[in-house]
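Colleague: I am new to this structure and would like a close look at one part of it. Please pick a sheet, go through it strand by strand, and then place it in the rest of the model.

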Amino acid sequence: MKSCSTPLMPSKGILRSIIPMATDNYLFEIAVEGGDLSRCQPGQFVELWIPGVGEAPISVCSARVGSTIELCVRRVGRVTNALFQMQEGDWVGLRGPYGNGFPLEEYRGKDLCMIAGGLGVAPIRSLCQYVLSHREDFGKLILVYGMRHSIDLLFRQECMILLRRRDIDVFIGAEEVEGPQLPPISAQLGRVTDMLRMAAVTPDHQIAVCGPPVMYKYVVDELFKKDVPSSNIWLSLERHMKCGVGKCGHCYVGGRFTCKDGPVFRLSDLRFLPEVIESEEVSVE
Ligand SMILES: Cc1cc2nc3c(=O)[nH]c(=O)nc-3n(C[C@H](O)[C@H](O)[C@H](O)COP(=O)(O)OP(=O)(O)OC[C@H]3O[C@@H](n4cnc5c(N)ncnc54)[C@H](O)[C@@H]3O)c2cc1C
Ligand code: FES
């Protein structure tokens with residue numbers, strides 16, 4: 001294995017810490033040996049390789065990537081199951097960063113609303129950390145984070161801290177609140193769209209969205225009700241990927257490689273891709 005990642009050659013990463021966040025959702029801090037992932041931008045992803053098992057694209061989850069990188073992973077299939085069997089000190093492969101990431105230059109100087117559904121909070125966390133660490137470069141900030149069940153809340157402590165800040169409006173809620181783990185901040189019952197309705201989003205806001213595809217139609221409809229133009233709305237899309245670098249064609253849809261041209265797309269550029277937001281009814285400008 002090379003000491004520094006080339007486009008298709010992984011760097012070696014040692015699992016430094018493994019933190020359970022919710023059922024089947026763990027945060028992995030990985031020390032990268034010899035690689036240089038320091039140029040990771042919020043919204044980009046890496047290909048995580050488990051030797052003998054395979055690879056999966058995973059979003060960069062923190063704004064600052066130095067000698068370590070944080071990945072928030074949900075256990076769903078072969079690669080992620082294998083990762084969840086591993087222990088601190090075990091090694092994995094990482095290549096990247098890949099993809100375009102959120103358009104930080106476009107956002108700079110403007111009001112920004114970040115919207116996360118479920119595990120979509122992973123890349124949104126990295127964006128949120130970035131804008132808060134460059135707070136003076138941005139206008140009004142809004143964070144909307146929704147999940148199905150309150151017990152699925154990720155980054156609980158960080159959410160508590162965010163809720164206490166005065167320089168960002170934070171809306172966190174769950175469709176169902178249940179169980180002894182009920183966090184006080186999830187007393188808010190409702191969907192992402194219910195919270196979005198309460199948020200003071202204006203047509204001038206830039207919008208960053210990441211969540212399950214089925215959420216996008218409803219979020220976009222709500223944003224249109226607030227007269228936000230589709231040119232201000234940026235969606236992070238998820239497709240099946242293999243190579244991550246525009247070579248294998250697995251993620252090719254509507255003339256675009258999601259891995260290379262995305263995964264973040266401006267909604268006004270998606271008019272030929274209605275299927276990617278799982279709606280034929282969403283009319284983009
Ligand atoms: C840009 C991007 C960023 C991502 N970021 C993250 C992240 O930060 N964290 C995270 O946890 N995930 C993330 N994902 C999703 C992750 O890459 C996928 O869940 C990936 O498939 C996991 O790999 P796996 O081998 O564990 O699962 P797989 O074995 O590929 O299974 C994934 C899902 O597909 C189903 N499936 C698998 N094979 C079949 C089949 N033959 N027929 C029908 N269904 C099948 C499985 O049941 C499972 O639900 C991201 C994806 C993209 C594209
Ligand atoms: S994943 Fe291979 S072309 Fe995009």
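Modeller: Start with strand 3 (residues 45–50) and strand 6 (residues 91–98), which run antiparallel and are joined by four bridges. One pair to look for here is Glu 47, which stands opposite Arg 95 of strand 6. Keep in mind throughout that this is a predicted model.

Strand 6 has one further feature. The peptide bond from Gly 96 to Pro 97 is cis, and its omega is near 5°. Pro 97 itself belongs to strand 6.

Both strands are part of an open sheet of six strands, whose order is 4-3-6-1-2-5 and whose pairing is antiparallel. Strand 4 (54–59) and strand 5 (68–74) are its edge strands, and each of them pairs on one side only. From one strand to the next, the twist averages 40°. As a general point, the strands of a sheet pair through backbone hydrogen bonds, and they can do so parallel or antiparallel.

Now go to the other end of the order. Strand 1 (11–22) and strand 2 (25–33) are separated by a loop that holds Asp 24. The phi of Asp 24 is near 65°, which is a positive value in a residue other than glycine. Asp 24 has 30% relative accessibility and therefore counts as partly exposed. Just past this loop, strand 2 is joined to strand 5 by seven bridges, and the two run antiparallel. One of the pairs in this stretch is Asn 25 with Arg 74, its bridge partner in strand 5. Although strand 5 is an edge strand, it is mostly covered, with five of its seven residues buried.

The two edge strands also lead to ligand 1. Strand 4, strand 5 and helix 1 (78–85) each supply at least two residues of the shell around ligand 1. Strand 4 gives the most, with four residues. There are 18 residues around ligand 1, and those that come nearest are Pro 57, Cys 72, Arg 74, Val 79 and Thr 80. Arg 74 is thus both among the nearest residues to the ligand and the bridge partner of Asn 25.

Several polar atoms of the backbone lie beside the ligand. A nitrogen atom of ligand 1 is 2.9 Å from a polar backbone atom of Cys 72. An oxygen atom of ligand 1 is 2.8 Å from a polar backbone atom of Val 79, and for Gly 77 the corresponding distance to an oxygen atom of the ligand is 3.3 Å. Ligand 1 exposes 960 Å² when taken alone, and the protein buries 61% of that.

That leaves the rest of the chain. A second open sheet of six strands has the order 9-8-7-10-11-14, and its pairing is mixed. Strand 9 (169–176) and strand 14 (264–266) stand at its edges with a single partner strand each, so one side of each has no neighbour in the sheet. Neighbouring strands here are turned by 15° against each other on average, with direction ignored.

At the strand 14 edge, strand 11 (residues 233–236) runs antiparallel to strand 14 and is joined to it by three bridges. Trp 234 stands opposite Arg 266 in this pair. Helix 6 (residues 213–225) packs on the sheet, touches strand 7, strand 10 and strand 11, and makes about 165° with the direction of strand 10. Helix 3 (residues 121–133) lies across strand 7 (112–117), strand 8 (141–149) and strand 10 (206–210), and runs at about 155° to strand 7.

Two loops next to strands of this sheet deserve a look. Phe 155 is in the loop between strand 8 and helix 4 (156–164). Its phi is near 55°, positive in a residue other than glycine. With a relative accessible area of 4%, Phe 155 is buried. Pro 263 lies in the loop between helix 7 (258–261) and strand 14. The peptide bond leading from Gly 262 to Pro 263 is cis, with omega near 10°.

For the whole, the protein has seven helices and 14 strands. Of its 285 residues, 52% count as buried. Among contacts with a separation of 6 or more, 69% are between residues 24 or more positions apart. The protein exposes about 13000 Å², of which carbon and sulfur atoms supply 49%.

Methods: Residues are numbered from 1 along each chain as its sequence is written. Chains are lettered from A and ligands numbered from 1 in the order in which they are written. This is a predicted model: local features need pLDDT of at least 70, side-chain atom pairs count only at pLDDT 80 or more; totals for chains, interfaces and linings use all residues. Side-chain values use heavy atoms; hydrogens and water are left out. Two strands pair if DSSP finds at least two bridges between them. Axes are lines fitted to C-alpha atoms, for helices over the stretch in contact, and angles run from 0 to 180 degrees between N-to-C directions. Contact means heavy atoms within 4.5 Å. Buried means under 20% relative accessible area, exposed over 50%, partly exposed in between (1.4 Å probe, protein chains only). Accessible areas come from the Shrake-Rupley method with a 1.4 Å probe; for residues, only the protein chains shown count as cover. A residue is near a molecule or strand if one of its heavy atoms lies within 4 Å of it. A polar contact is a pair of N or O atoms within 3.5 Å; within protein, one must be able to donate a hydrogen and the other to accept it, and residues adjacent in sequence count only if both atoms are side-chain atoms.
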